[in-house]
Amino acid sequence: MASSTLSRKAVFPVLQMSCMGCAAAVQRTLRQQPGVASAEVNFAGRNVSIDYNPSVTSPAKLQTAVRSAGYDLIIEADDDTGEAGEKLEEEERRQYVRLKRRAIVAAVLSALLMVTAMTPSLMHQAWAGYVMWLLSTPVVFFCGSRFFTGAYKQARHRAMNMDTLVALSTGTAYLFSIFSLLHTQFWTRHGLHSDVYFEASAVIIAFILLGKLLEERAKRRTSSVIKKLIGLQPKTATLITSGGLPQEVPIKNILLDDLILVKSGERIATDGRIAEGSSFVDESMITGEPLPVEKHPEDAVFAGTVNQRGSFKFRATKVGSETLLAQIIHLVSEAQNSKAPVQRLVDKIAGIFVPVVAGIALLSALLWLLWGGEAAVVHAVLAFVTVLIIACPCALGLATPTAVTVGMGRGAEAGILIKDTDSLETLRKVNTIVLDKTGTITKGVPAVTGIQWLVPETAALRDTLFSIEKTSEHPLAEAIASFLGEARLLDVVAEAKPGAGVEARIGGETFYVGNASLFPFWTARKESESQTTVLFGSDTQVFAALTLSDEIKESSRQAVAQLQAAGIEIIMATGDNEATAAEIARQAGIRHYMARALPDDKLRLIRDRQQAGKTVAMVGDGINDSAALAQANVGIAMGRGSDIAIEAASVTIISGDLRKISTALRLSKDTVATIRQNLFFAFIYNIAAIPVAAGILYPVNGFLLNPMIAGLTMALSSVSVVTNSLLLSKRTPPL
């Protein structure tokens, strides 16, 4: 295994994996290739995440290596576009149809076999054995060919997987039956019946194929979130050409700064900013919020969201894999491909499980041969076949990834993106949350909280103040203009006064808007440190005093109350002054806060809590929060914050609603509980089933498990694990 600073990370679909042993073989093969730093196979997702050095190896070389091991990679699928998704989906569809066809054929022929083998008037006919041989042969060698082919490929590489178990067991039963049918005298000479087990070999394959069919259907549902997200991307867009004419073009032809027309009811093709027109846009797919958002010129729009009313034109600011939708798809895919700590342990167990099971099967057969009495050979063969069948580690391999996939998908639907399964597991342990103030608890933009007119309010004065602020570039001007609403726009000649405000001339008169330094005669009471005061007046008089502050979000107080009710300590850390910090903490219901906190102070606060044994989550949205987000056990970024903050965090809440934190914590607890239930079912099943299959109950009550029942039980165990994972979406509270 090699590593390099010049590395690339890519996710490729893997074909022809049938169990966790297959996943381990693919992973082992890739890790042995020169230039590969790491390779993590997701059995449930049918793909592999590879970190490799492109100067040493390439996707084509990796594909060749995987093919030599008996599997395949789709190397063209390394992107976030719909084309790769369509190719993978088409390949999966073909495999599913092929599996369905073979399962149906196996079921029909096996049913005929069972009728022949279980009907007294038929089973004792001289020709019955030959008919069963004829019926079982296509089941074993056509319907079950995948198992024998897979076992052969594994044997070439001195490896074993589920295919090995199925091929050995059904092949042994089939060959044993042929020997018994053609050499009846061998058994009668020893006083034994010449029983055949053609129906067992066929029914085992039929049950396994039916189980695989149900498993594939269930797994396609667990991974549907990626397909749904890819489906949100429109295939074409209406481009406004340089001549001003609309032209429908493929989405891949859209370039940065292109002008695009969006009609009512259409999905938006790329990220951008509105240039002309206004509308209401349904952004629920990225925020989880049901209400449409009103959009005006210069407002941002995102790929995959739906224009509900009217039409507008926008300039593309991000295209292809750079759009928010593509990033969401990438994050969800990365999260589903990352492995939880418990899954890494399961992988190690699965890697040695198949050889151990084969050893147990041989040991069982040997013990039966030594102490099995008159029917020793028959019982030895049955025990060998049954142990191999019932111990297939499929359920073990599906336990964690199916639950993670459903949990991640559920989170994505609610606008909660979790980058990796380590964070998913850690979230449920969080008992301390550090909140940034600006943009996290508060809206992050100033708003006018009040206006006091010191002279009679007139339309002329409102128009004057509105016109001055509308033409000003000061950060507070937009908030004041928005607060004043509709007013008449006057001709203004303005001059900025750095650190003070603006001086404006309208119709021969001079006006001022800014702080008290512009009004030396202003003798009002001391201003509150938790609010900003802006004065509007002339050379001799102040007409009005406006107060502005960064208001807390409507959801913040409820979110804090929910978290505190769950026993979680909430601390607010802000760079603002003491008075502002105290006021915001009071409004949000936060008991503990840190004022005038620099990035180093936030980092130190988190480290102190961690050293005290706390599991800490940091919630922020600014560049100054990035170090604290990286230091925390779980970093949670507000989705409308800086790119650096989002990159440093392991969880992103797209809408910026703090109530989603409680949802993420519940989702983590439910997902981990489901993983534990699945692992319990899988381990208990194997621990209990293998001794019974070996015949441990035979000396006690004469019970010996039929190989056909073993095949059915193994299939149902896998289906039960996947079904339990699917129930996660029902158990998780509404998001």
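**Entry 1: the whole chain**

I started with burial: buried residues make up 52% of the 735 residues in the chain. Here buried means under 20% relative accessible area, exposed means over 50%, and partly exposed is in between, with a 1.4 Å probe and protein chains only. I noted that this is a predicted model, where local features need pLDDT of at least 70 and side-chain atom pairs count only at pLDDT 80 or more, while totals for chains, interfaces and linings use all residues. Residues are numbered from 1 along each chain as its sequence is written, and side-chain values use heavy atoms, with hydrogens and water left out.

Next I looked up the surface, and the accessible surface of the chain comes to about 32900 Å². Carbon and sulfur atoms hold 57% of that area. These areas come from the Shrake-Rupley method with a 1.4 Å probe, and for residues only the protein chains shown count as cover.

I then checked contacts (heavy atoms within 4.5 Å). Among those between residues at least 6 apart in sequence, 67% join residues at least 24 apart.

For secondary structure I found 28 helices and 26 strands in the chain. Both are DSSP runs numbered from the N terminus: helices are H or I with at least four residues, strands are E with at least two.

**Entry 2: the four-stranded sheet**

I followed an open sheet of four strands in the order 2-3-1-4, with antiparallel pairing. Its edges are strand 2 (36–42) and strand 4 (72–73), each of which pairs on one side only. Two strands pair if DSSP finds at least two bridges between them. Inside the sheet, six bridges hold strand 1 (residues 8–15) against strand 3 (residues 47–52) in the antiparallel sense. I picked out Ala-10 and found Ile-50 of strand 3 as its bridge partner.

After strand 3 I stopped at Asn-53, in the loop that leads to helix 2 (59–68). Is Asn-53 buried or exposed? Asn-53 counts as buried because its relative accessibility is 7%. I also saw that Asn-53 and Gly-35, 18 residues apart in sequence, are 5.0 Å apart in space, C-alpha to C-alpha.

**Entry 3: the six-stranded sheet**

My second sheet is open too, with six strands in the order 6-5-7-13-8-11 and antiparallel pairing. Strand 6 and strand 11 (300–301) are its edge strands, each pairing on one side only.

Strand 5 (residues 236–240) caught my eye: four of its five residues are buried, so it is largely enclosed by the rest of the structure. Five bridges pair strand 5 with strand 6 (residues 246–250), and two pair strand 5 with strand 7 (residues 259–262); I noted the antiparallel sense for strand 6 and for strand 7. Which residues stand opposite Thr-238? I found Glu-248 in strand 6 and Leu-261 in strand 7.

The hairpin of strand 5 and strand 6 has five residues between the strands, and Gly-244 there takes a positive phi near 85°.

Moving along the sheet, I counted four bridges from strand 7 to strand 13 (residues 312–318), an antiparallel pair. Val-262 has Phe-312 of strand 13 as its bridge partner.

**Entry 4: a nonpolar patch**

Last, I looked up a nonpolar surface patch of about 570 Å², made by Leu-363, Leu-366, Leu-367, Leu-370 and Trp-371. Patches are made of residues with over 30% relative accessible area and no salt bridge; like charges are joined within 9 Å and nonpolar side chains (Val, Leu, Ile, Met, Phe, Trp, Tyr) within 5 Å. A salt bridge is a side-chain nitrogen of Lys or Arg within 4 Å of a carboxyl oxygen of Asp or Glu. Trp-371 lies in helix 13 (residues 341–371), and Trp-371 counts as exposed because its relative accessibility is 68%.
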